[in-house]
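Q: Hey, can you help me look at how two protein chains fit together? I'd like to talk it through bit by bit.

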Amino acid sequence: MTSGAREGPDGPDGLDAFVRRAQAGDVDAYEAIYRAHVGRVHALCRRMAGDPDRAAELTQEVFVHAWEQLGHFRGGVVLATWLHRLTLSLTLEQAPAVTAALSPRERSDFERAIDALAPAARTTFVLHDVEGYKHAEIAHLTGADEGTIRAQLHRARRRLMEMLSG
Amino acid sequence: MTYDETHPDLDGLGDYLDGLLASDRKVATDAHLARCTDCRARLGALRLLVARAADAPRELAPEADLWPAIRGRIEARRAAALFVATPARAAGARRRRLAVGAAIVGAAVAASSALTALLLGRAPAGGGAG
């Protein structure tokens, strides 16, 4: 997968006009972009952070940063892809500080089990099995070698199978 | 299940699933899986986990609306950037600083001149008295 993300189009909402208006400084137009993309951005932040409060902070950070960088966004790249890369960069830089304590009850067992993984294993599992990145891409993104990424993925899967079978 | 051969561990099955095994190991694993129901069951459970991850929702809504906070931060940054970076404002500030500096220097010179004149005016009288 070249860009890593299991990406989709910007959708039928025709956000190009909103992007142009936002690039000209229209915050209301930027809100439309936020509303269209917050679910996707927050999903990645949530799984990478393993903690709801940290995920909310990261999501804010992504959209404030994206606003500042929006002038550099050019057609030819799908906005969702551009935002995904920005989210990934920020979450890898800032997210996985600790293993989550206890995630909210309303989360599915599967999502709660991901939260409970150790940070490095969680990052690798989310990027490989949820987001669809390859070992080499994750190694490049995280600065770890491929052997380490494979070991982290094995650890994450073993742990998840234990948690979900129990 | 046969017990006369080594069962691949879960990590080995993971590599098998990810297509990372060398061809000879893949052939051996294929052959083992064809005979071993336990390993097929473990591989099935692993496949299920990986499929579940791949099918996880692409979108998760935040627990609260984050837009008001984001908008607030954007507006604050815009205001700060306008205040600091406007060239005309920066030039105005420079002019004001120069004017204040000139006024201070002027006042100091005037005070000094007045003091000098006062001292000079008194000196002869003081010198005459001494």
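A: Sure, let's go through the contact and then the cavities, keeping in mind that this is a predicted model.

Q: How many residues does each chain put into the contact?

A: Chain A gives 42 residues and chain B gives 33 residues.

Q: And how much area do they bury?

A: About 3,500 Å² between chain A and chain B, with 60% of it on carbon and sulfur atoms.

Q: How many salt bridges are there between the chains?

A: There are seven salt bridges between chain A and chain B. One pairs D15(B) with R150(A), and their closest N and O atoms are 2.8 Å apart.

Q: Which helix gives the largest share of chain A's side?

A: That's α2(A), which supplies 13 residues of the side touching chain B. As for residue types, that side of chain A has 18 nonpolar, eight polar and 16 charged residues.

Q: Switching topic: how many cavities of 30 Å³ or more are there?

A: Two. The largest cavity holds about 50 Å³ of space, and its lining includes H37(A), R40(A), L83(A) and H84(A). Both α2 and α4 (79-94) of chain A supply at least two residues of that lining.

Q: What lines the second largest cavity?

A: Residues from chain A and chain B: H154(A), R157(A), R158(A), L10(B), D11(B), G14(B) and L46(B). The elements giving two or more residues there are α8 of chain A and α1 (10-17) of chain B.

Q: How do those residues divide by type?

A: Two are nonpolar, two polar and three charged in the lining of the second largest cavity, which has about 30 Å³ of space.

Note on methods:
Residues numbered from 1 in each chain as written. Chains lettered and ligands numbered in written order. Predicted model: local features only at pLDDT ≥ 70, side-chain atom pairs only at ≥ 80, totals over all residues. Heavy atoms only, no water. Contact = heavy atoms within 4.5 Å. Buried area = accessible area lost by both parts, 1.4 Å probe. Salt bridge = Lys/Arg side-chain N within 4 Å of Asp/Glu carboxyl O. Helix = DSSP H or I, 4+ residues; strand = E, 2+ residues; numbered from the N terminus. Nonpolar A, V, L, I, M, F, W, Y, C, P; charged D, E, K, R; others polar. 1 Å grid on protein atoms, 1.4 Å probe; cavity = no way out; pocket = protein on both sides within 12 Å on 5 of 7 lines; lining within 4 Å. Points joined across faces, edges and corners; volume = space filled by probe spheres on them.
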